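Please look over the model shown below before reading on. The report that follows describes its two chains one after the other, and then the place where they meet.

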Amino acid sequence: MPDYYDLGVRFWEDGLEKYANSLGFKGVCSFSKEGNGVEIKAHNLNDFRFSAHGKIILFSSENAELLKVASKREASMLLFERFLPDVGLVRVAAENKKPFEIPVSILLERTGANRAFMMSKIGFFLKICNKYGADFILTSGAKNKLSMKSPAELAAIGEALGLSHDQAVKSISMIPEYVLER
Amino acid sequence: MVVPTLREKKRYLHFKFECPCSISETESREELYGAILSFLGEFGFSRASPKLVGFDSGSKSGILRCSNNEVQNIKAALAFVNKIKGERGCIRVVKISGVINKLLT
């Protein structure tokens, strides 16, 4: 059985790792002040001036060109908030072996048709990623304990987004492990 | 009587509500069916054929039966629940089995 990781928690509180372990995760990455990750929301090239030694760097932007630059630098993960099927960006990310983060919370926050549209967008984005060999990581993106998902739930959501079972499991086990080791 | 080869295979899901509020069996049925219906739609619901087998309001846990082929979709549908009776909460799938006795032990 593989080890599972949730590399996209957006909060920190005492006992978080213990709670994650009870859900079935071996490790978590929290993008908060106390956590082991740093999220950089980029709007222009000046946002590339940062130092985050020993931490996992998530680079999020709505601008595909900025993410292309980030994938050539020291970003550990990329988050393209619009999930547009930008082939150029996906190719660059695949060449530099930078995985995209797919936070499930984006879907949880929406309801009805908005959720369906976003599922369709993310599903097509994942299809493009598979075609060009770019990696992706399914994360909970949780802002509190109740929005955290177990590995089985994340895999089930991945399958609902059009992934095969193996791809869904890989995106919460092997690829996050690779990011943590790097 | 249906011959065994034609019988649809079932899966039993042991689930648990994680929410601050108390919840009765009727309310839990409404929450579960509502979540599945909103995620899968009427056609998907009919294919999954979910049925609440039992619910314990003390431990807020119960057993849901569904079609074997649609179990992953049911899991995804339950994972998308983030509000229970208007309050923040979620439904966790604890265990899945093809035999109900295994969930009860």
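A residue is called buried here if 20 or more other C-beta atoms lie within 10 Å of its own, and exposed if 12 or fewer do. By this count, buried residues make up 30% of the 105 residues in chain B, while in chain A 42% of the 182 residues count as buried. The reader should keep in mind that this is a predicted model, and that every value in the report was computed from it.

## The two chains in outline

The table sets some values for each chain side by side.

| Chain | Helices and strands | Box of the C-alpha atoms along the principal axes |
|---|---|---|
| Chain A | eight helices and seven strands | about 40 × 35 × 30 Å |
| Chain B | three helices and six strands | roughly 45 × 35 × 20 Å |

In chain B, the helices and strands follow one another along the sequence in the pattern β-α-β-β-α-β-β-β-α. The radius of gyration of chain B is 14 Å, close to the 13 Å that the globule rule gives for 105 residues, so chain B is as compact as a globular protein of that length. For chain A, a compact globule of 182 residues would have a radius of gyration near 16 Å, and the 15 Å of chain A agrees with this.

Contacts tell how the parts of a chain come together. Among the contacts in chain A between residues at least 6 apart in sequence, 51% join residues at least 24 apart. In chain B, of the contacts with a separation of 6 or more, 67% are made by residues 24 or more positions apart.

## Strands and crossovers in chain A

Strand 1 of chain A, residues 5-9, has five of its five residues buried, so this strand is largely enclosed by the rest of the structure. Strand 1 of chain A pairs in the parallel sense with strand 2 of chain A, residues 27-30, over three bridges, and one of the bridge partners is Gly27(A) in strand 2, which is matched with Tyr5(A). Together with helix 1 of chain A, residues 16-23, these two strands make a right-handed β-α-β unit.

Another parallel pair is formed by strand 4 of chain A, residues 56-61, and strand 5 of chain A, which are joined by four bridges. Within this pair, Phe59(A) stands opposite Leu78(A) of strand 5. To pass from strand 4 to strand 5, the chain goes through helix 2 of chain A, residues 64-72, and this β-α-β crossover is right-handed. In which directions do the residues of strand 5 of chain A point? Met77(A) and Leu79(A) point one way from the strand, Leu78(A) and Phe80(A) point the other way, and all of them are buried.

## The sheet of chain B

Strands of a sheet pair through backbone hydrogen bonds, either parallel or antiparallel. Chain B has an open sheet of four strands in the order 2-3-1-6, with antiparallel pairing. Its edge strands are strand 2, residues 51-56, and strand 6, residues 90-97, each of which pairs on one side only. From one strand to the next the twist averages 25 degrees.

Within this sheet, strand 1 of chain B, residues 10-18, is paired with strand 3 of chain B, residues 61-67, in the antiparallel sense over seven bridges, and Ile63(B) in strand 3 is the bridge partner of His14(B). Helix 2 of chain B, residues 71-79, lies across strand 1, strand 3 and strand 6 of chain B, and runs at about 155 degrees to strand 6.

## Where the chains meet

The contact between the chains takes 12 residues from chain A and 13 residues from chain B. On the side of chain A that touches chain B, helix 4 (105-108) and helix 6 (151-160) each supply at least two residues, and the largest share, six residues, comes from helix 6 of chain A. The residues of this side of chain A divide into seven nonpolar, two polar and three charged.

One residue of chain A may be followed in detail. Ser150(A) has its place in the loop between strand 7 (136-139) and helix 6 of chain A. Is Ser150(A) buried or exposed? Ser150(A) is buried, because 21 other C-beta atoms lie within 10 Å. Leaving aside its neighbours within four places in sequence, Ser150(A) is in contact with Leu23(A), Gly24(A) and Arg92(B). Although Ser150(A) and Gly24(A) are 126 residues apart in sequence, they are 6.3 Å apart in space, C-alpha to C-alpha.

How values were computed:
Residues are numbered from 1 along each chain as its sequence is written. Chains are lettered from A and ligands numbered from 1 in the order in which they are written. This is a predicted model: local features need pLDDT of at least 70, side-chain atom pairs count only at pLDDT 80 or more; totals for chains, interfaces and linings use all residues. The radius of gyration is taken over C-alpha atoms; the globule rule is 2.2 Å times the number of residues to the power 0.38. Two residues are in contact if their C-beta atoms, placed from the backbone, lie within 7 Å. Ala, Val, Leu, Ile, Met, Phe, Trp, Tyr, Cys and Pro count as nonpolar, Asp, Glu, Lys and Arg as charged, and the others, Gly among them, as polar. Two strands pair if DSSP finds at least two bridges between them. A crossover is right-handed if, with the strands pointing away from the viewer, the path from the first strand over the helix to the second runs clockwise. Axes are lines fitted to C-alpha atoms, for helices over the stretch in contact, and angles run from 0 to 180 degrees between N-to-C directions.
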